[in-house]
Structures are given as structure tokens and as C-alpha cells.
Amino acid sequence: MERFLLSLITGIFIGGTAGYLGTLMLSKKMVLVAGPLGHLTLPGIALALLYGFDISLGAFPFVILGIILIWIFEMRTKLSMEALTAIIFASGVAIAFLFLPIEQAETALIGNIAKVGFTDALLVSFLCLLLFLIIKKIYSKITLINISEDLAKSEGVEVKKYNLLYLGAIAIIVALGVKVVGGLLIAALVAIPAATSRNLSKNLFQFSLLGLLLGAASSLSGILLANFLNLPAGPLIILTATFFFLISLVFRRG
Amino acid sequence: MIKEAETVLKVKNLNVVFDNTKIIENLSFEVKKGDVLTVLGPNGAGKTVLLKTLLGVLPHEGEIKWEKEIKIGYVPQRLPFIKDIPISIEEFLKLKEASKKEIKEIFNSVGFKESPAFFQKKKIGELSSGQFQRILVAWALIGNPDILLFDEPTTGIDIGGEETIYTLLHRLWEKGNLTILLVTHDLSVVLKFSNFVICLNKCPICRGAPKEVLTPEILHKLYGEEVKFYEHHKH
């Protein structure tokens with residue numbers, strides 16, 4: 001019972017923060033970046049599983065590597081994001097399964113939140129809270145940069161500094177998110193609540209708040225369902241999020 | 001035009017190179033306080049690049065000297081990504097740290113007749129292109145700028161709306177100490193609205209009072225074969 005509560009708290013914090021950050025990533029198709037990043041964490045997760053240390057800790061250096069790769073690809077070559085996704089996806093999965101025993105693949109691919117302990121839950125909650133405050137602080141500036149980088153620069157916004165903070169936040173949420181939903185589904189954890197929120201929101205305030213609430217609600221109901229049906233939580237969280245999205249299509253505004 | 005007005009912007013031997021292609025070559029000009037200066041040129045002539053360079057967004061060679069502590073209002077050509085974001089007019093203008101009071105005043109001056117309280121809550125994505133362009137002008141006016149940099153004011157606007165934007169700009173210009181620098185490919189804009197024109201197609205081709213310098217020969221040189229010298233009829 002205590003384990004269950006801990007996984008519930010961890011899931012809600014990570015889901016909510018991912019949903020909130022997702023509302024910034026939805027414009028300019030930044031959510032596409034979460035896909036390759038998630039896949040690239042797989043070798044890190046594999047290492048963590050083999051040597052028995054924290055999954056997020058294993059994933060983190062690979063996310064950083066991914067962000068550097070994306071930065072180099074985007075800035076230095078004219079390769080499309082789709083090609084990039086394909087290349088990174090393939091390499092991430094391939095490297096992971098070179099040395100990860102297939103029995104442990106499930107945790108890497110779709111997460112395993114039931115493994116969360118007390119210190120874990122505490123640390124995750126604290127990190128999510130900190131992340132939330134950072135995102136809140138940079139939210140309007142990143143929104144302006146999303147609308148137009150030139151417009152932001154003409155207003156004297158230090159675009160590079162804010163982008164760095166923003167990418168840092170993405171890195172942390174991906175590394176934390178793989179705990180809950182695994183390397184394959186992390187992009188969905190970021191993208192779906194935000195997309196649902198966009199269907200229902202009239203303004204930025206509603207958009208960001210609903211993104212957070214829907215992310216948290218998806219995690220909450222997914223984990224509850226998983227416990228009830230005795231199925232893995234990761235896929236159920238994403239499916240609940242998808243379910244909310246489908247409902248939002250009915251109530252869609254303009 | 002006011003004689004011996006102070007210079008607000010001085011550009012000398014400006015060169016902008018992008019991906020090994022020269023976009024702007026050896027451009028020099030001055031803008032005096034109260035000027036309405038138009039940079040005229042065909043698509044791809046480097047007009048938007050010029051504005052961005054003046055704003056300090058793009059790297060360049062040569063000298064760009066703004067008057068000390070000048071406040072610049074920039075009206076971009078379009079903001080394609082804004083329709084992806086659910087954001088109200090009020091929230092958009094607040095990204096520029098405008099107070100409620102200032103937003104209200106600017107709403108009046110850009111001529112929105114709709115009930116402000118209701119209208120400010122409206123989603124940007126739901127605006128007509130004419131309304132959106134006026135919001136962009138409102139954006140630029142926040143902070144009481146000394147000079148407006150305006151990128152292709154006609155784009156995407158029907159003639160009626162276009163007419164309103166120019167009357168609006170003219171009204172704003174008459175009212176205060178506003179200096180306006182706009183870039184366009186639209187000849188009628190220059191003839192109707194500005195007191196100084198620079199023709200640009202990568203390198204400067206002509207400069208001076210529009211009616212004097214925009215001869216058929218110059219326009220031929222600027223645009224190629226097809227252009228005739230005419231004024232758009234009024235609607």
C-alpha cells in the first residue's frame with residue numbers, strides 16, 4: 001500500500017510537470033524532440049538496470065548527449081527533424097538491445113513506476129517542484145521566443161540563455177519521465193496533455209494550467225487503473241491521456 | 001518634412017552576408033526625426049534582412065548608429081507560429097510588459113471600436129488579418145517608441161484593411177513625434193505615404209523624394225521588365 005502511494009505521488013508530480021512543460025513545447029513542434037530524446041535514453045536505462053542504479057540517473061547523461069546532438073544537427077546541417085528522429089531512434093534502441101537482456105526490456109521501453117522507493121519519491125517531488133518554478137519563470141519569455149525569435153531579440157530577450165534553461169528543463173523532465181512511462185512513451189507524456197489542453201483553452205493561462213492538470217490526472221488515473229487491472233502503469237497513463245484527448249475533440253474551441 | 005531635424009539613425013557602408021551570399025551591399029542612409037522613409041524593392045531584395053539588421057538581430061559589417069536611448073517599435077511581417085498558441089490579445093501584449101492602462105490607451109489609438117474588456121480576452125488565432133495587423137501595430141506602440149520599423153504592412157490584408165492601416169499610421173505619425181521606417185514592394189504605398197524613398201535590390205539603386213526619383217527607368221532597373229509606373233486608384 002505504501003509503495004502504491006509513493007508511485008502515485010511520483011507519477012502525479014512527473015505527469016503534471018511534463019504536461020505543463022508540454023504546453024511550451026507544442027508550438028514549433030518541439031514535442032518532436034522529446035521522441036528522439038526518449039529513445040536515446042534507452043542505452044542509459046539499460047546500463048542502470050544492469051548495474052542496479054537509478055533509471056533517471058542512467059538516462060540523464062544520454063538526454064544531455066541527445067540535446068547536444070540535436071543542437072549540432074539543427075545548427076550545422078540541414079537535416080530534417082524527421083530524419084533526425086529516425087536516426088536517433090534507431091541508434092538508441094539498437095545500442096540498448098546490444099547488451100540489455102530482453103527480460104528487462106519492458107522497464108526500459110514502457111517504464112516501471114512500482115519500483116519507486118521513499119527517497120526516490122521525495123527527490124522526484126522536490127525536483128518537479130523546482131522544475132515547475134523554473135518553467136513558470138521562463139514561460140512568457142519562451143512563449144515570445146516561440147512566437148518569433150526575432151521579435152524576442154528585438155525586445156532584448158537573451159534568447160540563448162532562455163533556450164538553454166528551456167532545454168535543460170526538457171532534459172530533466174525526459175530523464176524523470178522515463179521512470180514513469182519508459183523511453184518509448186515519454187514523448188506522449190509531454191505531448192498529449194498539452195494537445196488536449198490546446199483544444200479546450202481560450203488563453204495562455206488556461207492552456208498552461210490545463211496542461212498541468214491533465215498531465216497529473218492522466219498519471220493518477222493510469223496508475224489507479226494499473227493497480228486495479230494488474231497491468232503495467234506506463235501504457236495505461238498514455239492511454240488515459242489519449243482518452244482525455246479524444247473527449248477534448250468533442251468540446252474543441254475554434 | 002522638418003528642416004534640420006536631428007538624425008535618429010545613421011547607416012554607413014552596410015554589408016550583410018548570409019550563407020556566403022551578399023544580401024545587402026554598401027548601403028548608406030540617414031533617417032531624421034519625423035521622417036517617413038520607405039525602403040522599396042522587389043521580393044528577395046533584402047528588405048526584411050535590412051530591418052532585422054537594424055534591430056541588431058543579424059550580424060553585419062559597416063556602421064549602424066542609432067540615436068542614444070532611442071526606443072524602437074518593430075512591426076514584423078507576420079507571425080506564423082502564433083496561431084498554434086492559444087493566447088488572448090491581452091496576454092500577447094503583456095508579453096511586452098504592458099500595463100492594463102497602457103493597453104487600453106493603445107487600443108484607443110489603433111482604433112479598435114469593440115468593447116475593450118471583451119475584445120482583449122479574444123484569442124489571437126480568431127482575429128481577421130486586418131485586426132491582427134492592428135494588434136501588431138499596438139504591440140509596436142507599447143512603451144511609446146520614437147521610431148516604428150514596419151515590415152511589409154500590406155501582406156495578407158484586403159484593400160479595405162490596408163487602407164485603414166495606412167490611415168492609422170498616418171494618424172499616429174501626425175499626432176506625435178513619430179518617425180517611421182517601412183519596407184515594402186508596393187509602389188502605391190511609397191507614393192501615398194512617405195517623404196523619402198530608398199530603392200533597394202541588394203545594392204541601393206536610387207534615393208530621394210518619391211515623385212522625383214521613381215522614374216520609369218529606375219523602376220525598370222529595380223523590378224525588371226514588367227512594371228509600369230502608375231498609382232493605384234483610390235477605393
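## Packing of helices 9 and 11

In this predicted model, helix 9 (residues 159-200) and helix 11 (residues 233-251) of chain A pack at an angle of about 15°, with their axes 9 Å apart. Axes are lines fitted to C-alpha atoms, for helices over the stretch in contact, and angles run from 0 to 180 degrees between N-to-C directions. Helix 9 of chain A and helix 11 of chain A are therefore roughly parallel (angles under 35 degrees).

Residues of helix 9 of chain A in the contact include A:Leu185, A:Leu189 and A:Ile192; those of helix 11 of chain A include A:Ile238, A:Phe245 and A:Leu249. Two residues are in contact if their C-beta atoms, placed from the backbone, lie within 7 Å. The contact of these two helices has 17 nonpolar, six polar and no charged residues; Ala, Val, Leu, Ile, Met, Phe, Trp, Tyr, Cys and Pro count as nonpolar, Asp, Glu, Lys and Arg as charged, and the others, Gly among them, as polar.

## The chain as a whole

Chain A has 11 helices and zero strands (DSSP runs, H or I of at least four residues for helices and E of at least two for strands, numbered from the N terminus). The C-alpha trace of chain A spans about 50 × 40 × 30 Å along its principal axes.

Of the 254 residues of chain A, 52% count as buried, with 20 or more other C-beta atoms within 10 Å of their own C-beta, placed from the backbone. Among contacts in chain A between residues at least 6 apart in sequence, 76% join residues at least 24 apart.

## Numbering and confidence

Residues are numbered from 1 along each chain as its sequence is written, while chains are lettered from A and ligands numbered from 1 in the order in which they are written. In this predicted model, local features need pLDDT of at least 70 and side-chain atom pairs count only at pLDDT 80 or more, whereas totals for chains, interfaces and linings use all residues.

Note on methods. Parallel < 35°, antiparallel > 145°, perpendicular 65-115°, else oblique. Buried ≥ 20, exposed ≤ 12 C-beta atoms within 10 Å, placed from the backbone.
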